[in-house]
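Good morning, and thank you for coming. I would ask you to look at the sequence and the structure as they appear, and then to follow me through them.

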Amino acid sequence: IWLGDKNHKEVRKEDVSQYMQYLVIEKKISRSYQNQAINAIKSFYNHTFSIHMSSDMLERPRKEYHLPQFLTREEVSNIFHTLGNLKHRAMISLVYACGLRLGEVIRIRLTDIEASQRLLMIRQSKGNKDRMVPLPESILLLLNDYAQAYRPKIFLFEGQLDSQPYSERSVQQVFKNAVRKSGIRKQDATLHWLRHSYATHLLEMGTNLRDLQALLGHKNIKTTEGYTHVSSTKFRHIVSPFDVLPEESNNLKLPNTPKKLYF
């Protein structure tokens with residue numbers, strides 16, 4: 001339909017671009033749908049007419065890049081202070097202490113904990129990979145208190161059904177309630193932010209990228225490098241030119257830093 005009266009063999013790059021502009025501007029399609037449309041055109045010409053369309057003709061939308069969302073140490077602490085339930089506190093604390101994904105924390109089995117070595121085995125996570133992460137002694141003690149109180153049988157965190165893992169939705173709701181009660185400004189924070197916070201705080205504490213990559217289970221080091229863009233240590237040595245302007249020519253400088261900042 002989009003070709004009009006034009007023969008399929010007469011299609012040029014301009015025709016494809018014009019059609020994609022129509023979809024984006026008039027139909028307001030998403031980036032994902034735009035990629036699907038490009039794949040459909042490419043597949044149609046390849047399988048129907050044995051015509052291979054080059055990447056020049058099928059220019060795709062640029063990938064969006066978003067910085068990892070994270071919480072400060074104070075915000076993490078405020079959230080933990082709202083967790084009065086021992087099970088909830090142990091579960092959410094473990095996510096941050098070991099930089100776990102949601103699916104990883106609910107799949108942990110009792111046999112995955114190497115208490116004597118203070119290690120935790122994460123089995124068949126993203127990309128079907130296993131990895132070992134260190135278990136802080138404070139978390140091990142917290143987990144011990146929790147296990148003695150709740151007596152899990154197979155999974156470390158079990159739901160209402162006997163020997164079945166805690167549901168992802170329930171964990172998310174626990175965290176959401178804790179964020180709301182904490183009163184922090186970032187009320188849109190999700191559980192995955194704790195993993196981002198773990199990585200960011202480790203970088204700020206001097207952990208090198210290769211070690212962090214192994215801890216997080218990243219296949220590509222470039223994924224891990226994303227945290228360097230949000231770590232405050234990267235910019236602490238940078239002095240703004242605003243701060244070194246001559247005093248007499250800078251009437252915007254405040255004489256004293258306020259005791260309590262608004263932000």
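I begin with contacts along the chain. Among those between residues at least 6 apart in sequence, 55% join residues at least 24 apart. Please keep in mind that this is a predicted model. The chain has 263 residues, and 36% of them count as buried. Its secondary structure consists of 10 helices and three strands. Read along the sequence, the order is α-α-α-α-α-β-β-β-α-α-α-α-α.

Let us turn to helix H3, which spans residues 73-81. Which residues of this helix are buried? They are Glu-75, Val-76, Ile-79 and Phe-80. These residues cover an arc of only 140° around the axis, so they lie on the same side of H3. On the other side of H3, Glu-74 and His-81 are exposed. The cover over the buried residues of H3 includes H4, helix H7 (168-182) and H8.

Helix H7 deserves a further word, through one of its residues, Lys-176. Is Lys-176 buried or exposed? With a relative accessibility of 55%, Lys-176 counts as exposed, because the cut-off for that class is over 50%. Lys-176 and Ile-79 of H3 are 97 residues apart in sequence, yet their C-alpha atoms are 9.7 Å apart in space.

The next element is helix H6, residues 137-150. H6 has 14 residues and reaches 20 Å from its first C-alpha to its last, close to the 20 Å expected at 1.5 Å a residue. Its buried residues are Ile-139, Leu-140, Leu-142, Leu-143 and Tyr-146. Why do these residues share one side of H6? They cover an arc of only 160° around the axis, which places them on the same side of the helix. The face turned away from that buried side carries three exposed residues, Ser-138, Leu-141 and Ala-149. Covering the buried residues of H6 are, among others, helix H4 (86-98) and strand S1 (113-114). Just after H6, Arg-151 takes a positive phi of about 55°.

I now come to the strands. Between strand S2 (119-122) and strand S3 (131-134) there is a loop, and Lys-129 lies in it. Lys-129 has a relative accessible area of 32% and is therefore partly exposed, since that class falls between 20% and 50%. Which residues does Lys-129 contact, leaving aside its neighbours within four places in sequence? They are Ile-122, Arg-123, Gln-124, Gly-217, His-218 and Lys-219. As for His-218, its C-alpha atom is 9.8 Å from that of Lys-129, although 89 residues separate the two along the chain.

His-218 also leads us to the final topic, the largest pocket, as it is one of the residues nearest the pocket's centre. The others named there are Lys-126, His-196, Thr-223 and Tyr-227. The volume of this pocket is about 460 Å³, and 18 residues line it. How do the lining residues divide by character? Four are nonpolar, nine are polar and five are charged. Helix H8 (residues 192-204) gives the largest share of the lining, with three residues. H8 has already appeared in this talk, as part of the cover over the buried residues of H3.

That concludes my presentation, and I thank you for your attention.

How values were computed. Residues numbered from 1 in each chain as written. Predicted model: local features only at pLDDT ≥ 70, side-chain atom pairs only at ≥ 80, totals over all residues. Heavy atoms only, no water. 1 Å grid on protein atoms, 1.4 Å probe; cavity = no way out; pocket = protein on both sides within 12 Å on 5 of 7 lines; lining within 4 Å. Points joined across faces, edges and corners; volume = space filled by probe spheres on them. Helix = DSSP H or I, 4+ residues; strand = E, 2+ residues; numbered from the N terminus. Nonpolar A, V, L, I, M, F, W, Y, C, P; charged D, E, K, R; others polar. Expected span 1.5 Å × (residues − 1). Buried < 20%, exposed > 50% of the residue type's maximum accessible area, 1.4 Å probe, protein only. Arc of directions from axis to C-beta. Contact = heavy atoms within 4.5 Å.
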